[in-house]
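Biologist: I should like a close look at a single part of this structure, its largest nonpolar core. Please describe which residues and elements form it, and what surrounds them.

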Amino acid sequence: MSDNWLTVRATSQFFTDLDHQLGPERGPNGEPSTNDFQVYELFEIIERFATGFHNLPELIPGRSEYRVLVTSGMLVRAFTVVGQLAPDGAVELISLETDPSTDWP
């Protein structure tokens with residue numbers, strides 16, 4: 001790993017948000033599960049915050065410790081993740097919102 005990478009950790013609130021938005025099992029119409037999201041989306045989220053935290057837009061203007069990632073996903077049409085720079089220099093993923101309007105194949 002490069003010295004330019006920040007440590008990233010997901011908070012319990014991030015996983016609570018995930019659990020409220022996706023089910024523990026794949027849905028009957030192909031809807032992804034929480035495990036699917038963790039396998040296919042979470043590593044990219046971590047990498048984006050680890051390598052580009054300071055280049056992401058501020059969630060609140062003037063509060064540079066909060067950054068937001070809004071992007072499309074492999075499993076969901078779009079999602080938003082908020083990261084907060086912790087006192088120890090790590091980034092904590094503090095919230096997740098997925099776009100539920102995706103039509104599943």
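Modeller: In this predicted model, the largest nonpolar core has 18 residues, and those that touch the most other members are Phe37, Ile45, Phe49, Val81 and Leu93. Four elements each supply at least two residues of this core: the helices α1 (12-21) and α3 (42-52), and the strands β4 (79-85) and β5 (91-98). Of these, α3 gives the most, with four residues. As to confidence, the chain has a mean pLDDT of 91, and 91% of its residues reach 70 or more. The mean is lowest in α2, at 94, and highest in β1, at 98.

The helix α3 may be taken next. Its buried residues are Leu42, Ile45, Phe49, Ala50 and Gly52. An α-helix has 3.6 residues a turn, so residues three or four places apart point the same way. The cover over the buried residues of α3 includes β1 (8-10), α1, α2 (34-40), β3 (63-71), β4 and β5. Leu93 shows such contacts in detail: setting aside residues up to four places away in sequence, Leu93 touches Leu42, Ile45, Ile46 and Phe49, and also Val8, Arg9, Ala10, Thr11, Phe14, Val81, Val82 and Gly83.

The aromatic residues deserve separate attention. A search of the whole structure finds three aromatic pairs. One of them joins Phe37 and Phe79, with ring centres 5.5 Å apart and planes at 75 degrees; because an angle over 60 degrees counts as edge-to-face, the pair is given that class. This pair links distant parts of the chain, since Phe37 belongs to helix α2 and Phe79 to strand β4, 42 residues apart. Both Phe37 and Phe79 are buried. Phe49 and Phe53 form another aromatic pair, which is tilted, at 6.4 Å centre to centre and with 40 degrees between the planes. Phe49 has a relative accessible area of 0% and is therefore buried, and Phe53, at 1%, counts as buried as well. Arg67 lies over the face of Phe53, at 5.7 Å from the ring centre.

The strands complete the description. β4 pairs with β3 in the antiparallel sense over six bridges, and Thr71 stands opposite Phe79 of β4. β4 also pairs with β5, again in the antiparallel sense, over seven bridges, and here Thr80 stands opposite Glu97 of β5. The hairpin of β4 and β5 has five residues between the strands, and Gly89 in this hairpin takes a positive phi near 90 degrees.

Thr98, in strand β5, returns the account to the aromatic residues. With a relative accessible area of 10%, Thr98 is buried, because the cut-off for that class is under 20%. Leaving out residues up to four places away in sequence, Thr98 touches Phe37 and Phe79, the two partners of the edge-to-face pair, together with Gln21, Val76 and Ala78. By contrast, Thr16, in helix α1, has a relative accessibility of 32% and so counts as partly exposed. The C-alpha atoms of Thr16 and Gln38 are separated by 13 Å, and the two residues are 22 residues apart along the chain.

Definitions and conventions. Residues numbered from 1 in each chain as written. Predicted model: local features only at pLDDT ≥ 70, side-chain atom pairs only at ≥ 80, totals over all residues. Heavy atoms only, no water. Core = buried A, V, L, I, M, F, W, Y, C linked by side-chain atoms within 4.5 Å. Buried < 20%, exposed > 50% of the residue type's maximum accessible area, 1.4 Å probe, protein only. Contact = heavy atoms within 4.5 Å. pLDDT = per-residue confidence, 0-100. Phe/Tyr/Trp six-rings, centres within 6.5 Å; stacked < 30°, edge-to-face > 60°. Lys NZ or Arg CZ within 6 Å of the ring centre and 35° of its normal. Pairing = 2+ DSSP bridges.
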